[in-house]
Amino acid sequence: MAKTGEAKAGLTTFHLTMMALGTVVGGSFFLGSGVGIKAAGPAILLAYLIGGVLVYIILYALSEMTVADPVSGSFRTYAERSYGAGAGFVTGWVYWIGLIFAMSSESIAASTFLRVWFPNLSPGVAGTVIIVGVTLLNLLGAQHLSKLESSLAAVKLIAIAGFIAIGLAIIAGLMPGAPAVGAGELRSEPWLPGGIAGIAGSMLTVVLTYAGFEVIGLAASEVRNPRKTIPRAINLTLISLIGLYVGAIAVILPLFPSRGIIADESPLVLSLTRWGMGWAGTLMNIVMITAILSTMLAAMFGLGRMIRSLAGEGHAPNWLKDETDVPYRGILFSGAAMLAGLGLGYLLPQQVYLFLLSLGGFSLLFSYFMILAAHYKWRRRTPCSPEAACQLPGFPYTSWLGLTALVAIIASMPFIPGQGTGLIIGLILVALLAGTYYLKTWIAGRRAPGMGQYSGNAPGRKGRVGMPLAQMEAAEEVANSDRPSRKGPDEPK
């Protein structure tokens, strides 16, 4: 693990921002945004602004804890410190398992896009090559990976900015031989076609297009000057995301009717193709492949560090422990798990596999809930001061707002096509992991010798009231020494 001196020579604000944008801006926006537009119509703009506010709350809560203590386990470690080892165990594994399945599906999506140019390419072979490549590149370390990630993220950001520029030119009538579109489809579309329910129904899709920013926390131990770098990276990430997302959606709405959006086609491509730019599909195909590779690279970066954190706390097998700057074992283990997830796609019935894939959205929402819950408790016991680097305004009200919003979004999953199963399997996974942790703890306690009256707790482990056994024994000695002696005056004391 990186030492303090090494971390200071680590990632800069630019590197951290581009890594966060590389994780966030992916297929969920280029393709998934169409689902939200169809559900909410022009009111989707409001949904993206609300989503931006929610991300602001979560990111700044994470930033406060990260600046105070930039550990590699990030929100998993903070959850453990606030609510106990069981919470850290469940949070870490829910995040890791959900992201493994999500990235396995991303490799399948990338192989599908590649078949446009390589029709005879086997999806299984292509997916395997992509996962192996992403894994090996992560072994190069944060410095090398950040440079590659910055380049790939730049392609996505330039693509969105370019779409906004071209769209604005079409709207303003600056394209040769084309009349000005002006308000276009907005003239005939109701602004709230689905009412408040339409906005609420689109919030899950919107929040998932922002998902991935937590990599800022997972990279914290490898950041140069965390106190300054992390808040700056968060500001740049938020401004870039909200600006690009809202700008792109605002351009799509006049160019293409929201009711005509097709779920499995990019609304950006549909908008440009409608106005005579058939090349947009080919270009967007390249951008989509770049976006997926960028997302997988940054996700693998976080997965490797999450496994290292779990192993370091005894929540994963000892052979996954890694004290080097680059968590080689965690990265290789995550890569192997991704390959296993890819294999399941070909071995299991399609409905079963889709059931597993739906876990990705729940795992991210669950992790964000734990970030806010851990921050709330941390802030309660850490009064705001210059040393605490408090940044989240309106605490505790903003924390309550964020927690309530996340619960509402998670509860809305059954009402979104294809997401109800995500909630079901997510809750099952949480229950299984909680049971696994307590079973593991019970077995460890039964095997530990010399428990006496505190049977079920190993020496040095926490007793029933949360106090280590050695500390409890020392406290009893002090208490006994203060009691009046019952021995006679001539007996030795």
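In the predicted model, F75 is a buried residue, its relative accessible area being 0%. The aromatic partner of this residue is Y95, which is likewise buried, with a relative accessible area of 2%. The rings of F75 and Y95 are arranged edge-to-face, with a centre-to-centre distance of 5.1 Å and an angle of 80 degrees between the planes. F75 belongs to helix α6 (residues 75-83), whereas Y95 belongs to helix α7 (residues 85-114); the pair therefore ties together parts that are 20 residues apart in sequence.

A second pair is formed by F213 and Y368, with ring centres 4.6 Å apart. The planes of these two rings meet at 20 degrees, and because planes under 30 degrees apart count as stacked, the pair falls into that class. This contact links distant parts of the chain: F213 is located in the loop between α10 (195-210) and α11 (215-218), while Y368 is located in helix α17 (residues 359-381), at a separation of 155 residues. Both F213 and Y368 are buried.

The pairs F75–Y95 and F213–Y368 are among the aromatic pairs of the model, for which the count comes to 15. Aromatic residues are also grouped beyond single pairs: one aromatic cluster is formed by F29, Y48, Y210 and Y245.

A contact between a charged residue and an aromatic ring was also identified, involving R305 and F301. R305 is positioned over the face of F301, at 3.7 Å from the ring centre.

Definitions and conventions
Residues are numbered from 1 along each chain as its sequence is written. This is a predicted model: local features need pLDDT of at least 70, side-chain atom pairs count only at pLDDT 80 or more; totals for chains, interfaces and linings use all residues. Side-chain values use heavy atoms; hydrogens and water are left out. Rings of Phe, Tyr and Trp (its six-membered ring) pair if their centres lie within 6.5 Å; planes under 30 degrees apart count as stacked, over 60 as edge-to-face and the rest as tilted. Helices (H or I, at least four residues) and strands (E, at least two) are DSSP runs, numbered from the N terminus. Buried means under 20% relative accessible area, exposed over 50%, partly exposed in between (1.4 Å probe, protein chains only). A charge sits over a ring if NZ of Lys or CZ of Arg is within 6 Å of the ring centre and within 35 degrees of the ring normal.
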